[in-house]
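Trainee: I'm new to reading structures, and I'd like a close look at one part of this one. Please pick the sheet and its surroundings, and then show me how the pieces and chains meet.

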Protein chains: 4
Amino acid sequence: MTQNIAILGASGYTGAELIRLIATHPSMQIKALSGERKAGQPLAQVFPHLRHLDLPDLVKIADIDFINIDLAFCALPHKTSQEVIAKLPRDLKIVDLSADFRLRDPEAYEQWYGNPHSAVDMQGEAVYGLTEFYRDQITNARLVAGTGCNAATGQFLLRPLIAAGVIDLDTIILDLKCAVSGAGRSLKENLLHAELSEGYAAYAVGSTHRHLGEFDQEFSVLAGREVRIQFTPHLIPANRGILATGYVSGDAQVIHDTLVAQYEAEPFIEVLPMGETPSTHHVRGSNFCHIGVVADRIEGRAIVIAALDNLTKGSSGQALQNANLMLGLPETAGLMLAPCFP
Amino acid sequence: MTQNIAILGASGYTGAELIRLIATHPSMQIKALSGERKAGQPLAQVFPHLRHLDLPDLVKIADIDFINIDLAFCALPHKTSQEVIAKLPRDLKIVDLSADFRLRDPEAYEQWYGNPHSAVDMQGEAVYGLTEFYRDQITNARLVAGTGCNAATGQFLLRPLIAAGVIDLDTIILDLKCAVSGAGRSLKENLLHAELSEGYAAYAVGSTHRHLGEFDQEFSVLAGREVRIQFTPHLIPANRGILATGYVSGDAQVIHDTLVAQYEAEPFIEVLPMGETPSTHHVRGSNFCHIGVVADRIEGRAIVIAALDNLTKGSSGQALQNANLMLGLPETAGLMLAPCFP
Amino acid sequence: MTQNIAILGASGYTGAELIRLIATHPSMQIKALSGERKAGQPLAQVFPHLRHLDLPDLVKIADIDFINIDLAFCALPHKTSQEVIAKLPRDLKIVDLSADFRLRDPEAYEQWYGNPHSAVDMQGEAVYGLTEFYRDQITNARLVAGTGCNAATGQFLLRPLIAAGVIDLDTIILDLKCAVSGAGRSLKENLLHAELSEGYAAYAVGSTHRHLGEFDQEFSVLAGREVRIQFTPHLIPANRGILATGYVSGDAQVIHDTLVAQYEAEPFIEVLPMGETPSTHHVRGSNFCHIGVVADRIEGRAIVIAALDNLTKGSSGQALQNANLMLGLPETAGLMLAPCFP
Amino acid sequence: MTQNIAILGASGYTGAELIRLIATHPSMQIKALSGERKAGQPLAQVFPHLRHLDLPDLVKIADIDFINIDLAFCALPHKTSQEVIAKLPRDLKIVDLSADFRLRDPEAYEQWYGNPHSAVDMQGEAVYGLTEFYRDQITNARLVAGTGCNAATGQFLLRPLIAAGVIDLDTIILDLKCAVSGAGRSLKENLLHAELSEGYAAYAVGSTHRHLGEFDQEFSVLAGREVRIQFTPHLIPANRGILATGYVSGDAQVIHDTLVAQYEAEPFIEVLPMGETPSTHHVRGSNFCHIGVVADRIEGRAIVIAALDNLTKGSSGQALQNANLMLGLPETAGLMLAPCFP
C-alpha cells in the first residue's frame, strides 16, 4: 500500500534530498510540498535537478490538507519547526529534521538555542531519531526528532564505547571536518564559493557548537554520570560529508571489537578492518557510515574515525529510515543507493 | 528472471559506475568482475565506496566462465577492448564502452585511433549505442558500441537539427566543457588535483579530438552529405559532467520546436522551456540530459546547450540502458536515480 | 616620491586585490580606504589576509580629505560610482573600476545598464582603460575607466585581428569560461559553494551580457563599420580566471603573426608558440595574459584563446597599471608578481 | 650586490615556489636550475606560469658549475638529497628542503625514513631551519635543513608553550588538515582530482607520519625530557595550506599571552586576538603564519590553531628566509607578498 507523504520546507537542501531518496522508494508517494516564500512555484524552478519527477507545486503549509497524509517530514528551520508542528494534527506521524525536539530537557534546549521552547509538552513525546540506538521506540513513535548531522557522526563512533566502558570518559576529543551543505542554502559570506573553495578553518571553537547539547544528553545517560567531550568542527571546501576524528584513551583492539559487535547486523554501518580508515568520498550521496579504528603509537590511546554524508545518513536518509520504521515498511526501502564516486 | 552480468575492466570509473547503477537494478546480478592487474583483490579494496555490496572478487578475464553470463559490459581501454571481444563467445551479448566499435569504417578508425583495427568483421556487426536514435537495432543487437561521452552530448543537441534541416551545416561550432572523470583513472600530471583544481584550459584544440570521428560518421549519414563541425573540448575542475555549448545558424524557435518534438516521449532527455539553459550540477550522478535553446541577439543564430553526466548518460548509464533493451527488460530499469545535488 | 592613494570601495574583491598589489609597490602609500557599511572597522576584520599590513581603518567617503590624495581608485558598484565620482574634486586623478565610464555614448550606456547616466559630461572626459591600446591617452588622463574583465580578455584576442583585417568580421564567436570572483562578494544563491562547486553552466546567454556594449563600441571603431560578435559566458567552479575561446575565420598563421607583432614589446601579454594554448592556472594571481592560436581542421578557420586573472589583469592589476602611467611611474611597478601555481 | 642562486630539483612544486618568490627578490639572481629527467627543457615548458621570467634552461646537476654560485637550494626528494649534497663543494652554502638533515640522530633518521643515512657527518653540521627559533645558528650556517611543513606548523604552535611550561606535556594532540601540494607533483591515484576533490580522509593515522621525528627531537630538547605527541594528518581537497588544530591542557589566557610574547617582534607570525581563529585562505601564497587560541568549555583545556601555506612558510618561503640570513640580506627580502585571496 502506498504511503502518502508531505514534506514541509521542501526548498532547502534536506528537503531536496528527501525528494531524491523518495523518488525511488517503492511505497511512498509525495502528495504535498511546502515552501512559504516560494509557494506557487513548481519544484523544478527551485531544484532543476528534480525536473524529471512528477511532483506537486510548492504550497503554503496552511494550504495542505493533512487528512490524506500518512507522514510528514519537517525540514524547516529550528524554532519555526516547533511552532509549525504544534499546530499539525495530533495523529499525524511526523519526522522532524530540525533541532527542536532533540533535547528532552527544556532548560538544555534554551541554553543551547537561546530561546524558550514553545512546545514543551511535545518535547516529552518526541523520540530521539538515531535509528540504530532507538529502533524500537521509533517504530512506535508518532513524532521523531532527527539527530543533528555532527551529533549522529560522533554518536556512531562513541556510543558503543561509552556504553561498554572501554574508553576513558574524561578525555574524549572529537575533531570534525564538515562539508558546506550542512550549513544549508543560506546566503552567508563564508559560504560563498570564492570564500570557501581552496580554504578551510575551524568554527564554533571551544566546544560551543549546538550539537554538544545532544552529546551531553546522550552520553551522560549512557554512562550514568555527566560526560563532557571536546568537539571542534571545521568547514571544509566540499559539498557533502562529515569526517569525525575521535581521540580516545582505550585499547584499540577492544574498541574495534566493540564496534564490530555493535554494528555487525546493521545495514548502513560498516566497520572497516582494523587499521583502515574511511573517506567521505566513499559514502557520498548514500546512507552508509564507515568507521575505522587505529592504535596510536602511544600505548592505551586510539584514533576512531567515522565518515558519513551529512545530507543522507546525517539528515534526510536517517529521516527516511525512521519513517520506514514508523510506517511498518522495510527499514532500508529507498535507501540502498550506492555512493556516488567519483 | 535475473540476468547474469559480467563487467570486464571493473577497476576503472566506468566499471564502478556500472556497479553503482546495477546495485539497485531489479533484475540483474553481477556474476563476474575482471581486472587484470588487480585480479584476486576484493572490489572493496579498489572501490571502498562499493564495500556494502556482495560482489565477486576481481579475476582475470581468462578465468571467467561465460557459459552462465547473459551479458558482458566491456569497460576496457580501446584497442584492448577489440582484442578481448574478438575472443569472447560469439553468442555472448556485449555492450562495449570503449571506442573500438563506434566507427564503422576501418579507415576512419585507423585515422582517428592510429592503429589498424584488429576485429574488422565485428566492426560491421556492432550497433552504434546512442539509444534514442538506434533503439530498434540495439534491441536486436548482439554487440553494441557505446557512444563517446562528448559525442553523445553533441549528438543529442545536433542530430534532430541536422535531420530536420533547420540549421546551416557548414557553420556548426561545439564548445565543450568536460569534467575530469572522462579522462579515467589514469595517472597523468594534468589530472592531479594540484594541477587541475582552480584552473582550466582547452585541449585537443583544432578539432583534433577523437570523438570527431563519430560526429563525422553520424552527421554525414543524417545529412546525406559530408558534414564537418568544429569542436573544442575544455577540461574543467569538476569530477562529473559535460556541458556542450553549440553555436548554430537557424531560427531559435524552430530549433526549440524540433528538439521538443524529438524528445517529448524520451524518459531521459529533458528539453527546457525556451530561453532556459542547463547546468551540469542538475544532472550529476543521473542518466538525464538537459537541453536548452536561446536565440542570439544576431538574427538567425541560436545557442543550444546540453548537459549530462559523462559517467552516466555519457557512458555507463547509456550502456545499461542499451543492455536493458538487449535483454528485453524495461529500458529505464536501474536508471531512474535522481541527480545528486548539491 | 611616494604617491598617496585612496581606495573607495575597499571591502570588495577588487579593493582587496588593489591593496594586495600596492602592498609591494615601491612608491605608493595607501592613505584612505572607504567602505560605507563597514566604516569604522579595521580592514583586517573585513579581509584577514591583509592583517600584516599597516593600513588606515575603513571610513565613509564623505570623511576622506582628498587634499593630500594623488590618485583614487573607485572600486564601487556601477551607478554608485558615477554618483560618487561626480562629487569628487575635479583635479583628483581617478581610476574607476566600475562599468560607469566605459561606454562613451550615453544611449549605449542606458541600453546596457538600464538607467540614464547621471554624469554625462564626465563620460566624455573618461579615457577607456585598456592600457595596451590607450597608453598615451591614459598617461595624460585625469579619469580612466577600467575595462570590464570579460571585455578586456576578448579585446586582447580580437583587437589586433580586427584592426589588421585578418579575420571575417561577421562570424566572430567568443565562448568565455569565467571564475566566480568576477561576480564579486555578493550574496547570491548561485554563488554559494554548494551550488557552484562541481557544476557549471552558461549565463547571460544570447549575447546579452553587458560587456558586449564595450565590444560593440570598440570593435566598430576599429573596423570602421558596425561589428557585432556572439559572446556566451559560463560560470566555472574556480575562484580566479577567465578563459576566452574565440572562433574566427582567417588564416591561423597570419593571425598568430599579427598577435606576435602586436604584443612583442608588451610586458604583460605573452603570445604562446603557434599551436600551444593557455590555462587560467598559469596566470592566476598575476597581471599576465597568455594567448594561443591553433588552426582548425577546417581550412580558413582558427581558434584563438586567451587566459587572464579577472581580478588582476582583468580589473585591479589593469587599474594599477593605468595609475602608474597617470602618475608618471614605471608602468610595471608593483605588477611583476609571478602567478601563484599550484 | 647580487647573489647567484642555483635551484636543484626545480621541476617540483617547491622548486617552482622558490622561483616565484625569488622573481621579485631585489638581490638574488637565478643562475642554474636542475632537473635530471627534464634536462635541456626550458622551464616554461615544465612550468608555463613562469614563462615571463628570463631563466636558464634545466640542466643536470653534474653540468652546473658551482664556482659562481653563492647559495644552492636543494628541492630534491629525500635520500637523493643527501647523496647530491655530499658531492657538492664543501664551501657552498646550501638550504636543503628535503627531510634528509632535519634529524640529528642517525638512528632516528633510519627509524623514520627506513634507510641508513649516507652522509652522517653532514647531519651534524646541518642547522635545523625553523627560522624563528634557530635564527643565530642559521645566520652562521653553511648547511640548513628546512623544517617539514607539518612539523613547522606544529612547532609554531607548541614550542613556546612547551618551553614556557604552560601546557601538560603528556596530552598534546595535533590534528592537521593538509592541502594536496604537500604531497608534491607525484603521480599517485589518491592525488588525482577525481579521487580527492569533494572528499577527504585521514592518512598516516596512529602517529606514524615522518614529521613526528622532528616533533620528538625538538620537543624533547625543549622540555628536557621525552615528549611524545599524537598527530593525525588529513588530506583536504585544496591545493595549498596546512591547518593545525592543537588540543592542549593549560590556561587559554596564559597560552595566548605566551604566544603573543614569543612572536610580537616576528615579521611573519601573527597571533590573532584571543578567541579568534585562522583560515588557510588568509595565508595562501604568502609567508605568513596565523595563530589563534580559544578556551574550551572544559576548564583547563584550550584549543590552539595555526594556519600557513605549506609551499611558502612551510617550505620554499622558509627556505628563502633562511637563505637571506645566510647571505647577510634582510630577512624579509622577497617574502612580503600579501596572501592571494580569494
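Mentor: Here is a walk from the sheet outwards to the neighbouring chains.

First, some ground rules. This is a predicted model, where local features need pLDDT of at least 70, side-chain atom pairs count only at pLDDT 80 or more, and totals for chains, interfaces and linings use all residues. Residues are numbered from 1 along each chain as its sequence is written, while chains are lettered from A and ligands numbered from 1 in the order in which they are written.

Let's start with chain B. Seven of its strands form an open sheet in the order E9-E10-E8-E11-E14-E13-E12, with mixed pairing. Helices (H or I, at least four residues) and strands (E, at least two) are DSSP runs, numbered from the N terminus. Two strands count as paired if DSSP finds at least two bridges between them. At the edges stand strand E9 (201–202) and strand E12 (269–271) of chain B, each with a single partner strand, so one side of each has no neighbour in the sheet.

Now zoom in on one pair. Strand E11 (residues 242–249) of chain B runs antiparallel to strand E14 (residues 301–308) of chain B, and eight bridges join them. If you want a landmark, look for B:Ala244, which stands opposite B:Ala306 in E14(B). As a reminder, strands of a sheet pair through backbone hydrogen bonds, either parallel or antiparallel.

Next, look at what lies on the sheet. H10(B) lies across E12, strand E13 (289–295) and E14 of chain B, running at about 160 degrees to E13(B). Axes here are lines fitted to C-alpha atoms, for helices over the stretch in contact, and angles run from 0 to 180 degrees between N-to-C directions.

H10(B) also meets another helix. The axes of helix H7 (residues 149–164) of chain B and helix H10 (residues 252–263) of chain B come within 9 Å and cross at roughly 110 degrees. That makes H7(B) roughly perpendicular to H10(B) (the label for 65 to 115 degrees; under 35 is roughly parallel, over 145 roughly antiparallel, and the rest oblique). H7(B) brings B:Pro160, B:Leu161 and B:Ala164 to the contact, and H10(B) brings B:Ile255, B:Thr258, B:Leu259 and B:Gln262. Two residues are in contact if their C-beta atoms, placed from the backbone, lie within 7 Å. Sorted by class, the residues of this H7(B)–H10(B) contact are five nonpolar, two polar and no charged. Ala, Val, Leu, Ile, Met, Phe, Trp, Tyr, Cys and Pro count as nonpolar, Asp, Glu, Lys and Arg as charged, and the others, Gly among them, as polar.

Let's hop to chain A for the domains. Its domain assignment gives domain 1 (3–147 + 313–326) and domain 2 (150–310); such bounds come from an automatic or database domain assignment. The C-alpha centres of these two domains of chain A lie 24 Å apart. Their contact takes 19 residues from domain 1 of chain A and 22 residues from domain 2 of chain A. On the domain 1 side, the elements that give two or more residues are helix H4 (106–113), helix H6 (131–139) and helix H11 (312–326) of chain A. H11(A) gives the largest share of that side, six residues. That side of domain 1 of chain A has eight nonpolar, seven polar and four charged residues.

Now for the neighbours. Chain A and chain D each give 41 residues to their contact. On the chain A side, the elements giving two or more residues include strand E8 (173–178), strand E10 (230–235), strand E11 (242–249) and strand E14 (301–308) of chain A. By class, this side of chain A has 18 nonpolar, 14 polar and nine charged residues.

How do the copies line up? A rotation of 180 degrees with 0.0 Å of shift along its axis superposes chain A on chain D (RMSD 0.0 Å). The two copies are thus related as by a two-fold rotation axis. Superposition is by least squares on the C-alpha atoms of residues with pLDDT of at least 70 in both. Of the residues of chain A, A:Pro237 comes closest to that axis, at 3.3 Å (C-alpha). The same surface serves both copies, as 100% of the contact residues of chain A recur in chain D.

Chain B also meets chain D, with 14 residues of chain B in contact with 14 residues of chain D. The chain B side has seven nonpolar, four polar and three charged residues. Here too, a rotation of 180 degrees with 0.0 Å of shift along its axis superposes chain B on chain D (RMSD 0.0 Å).
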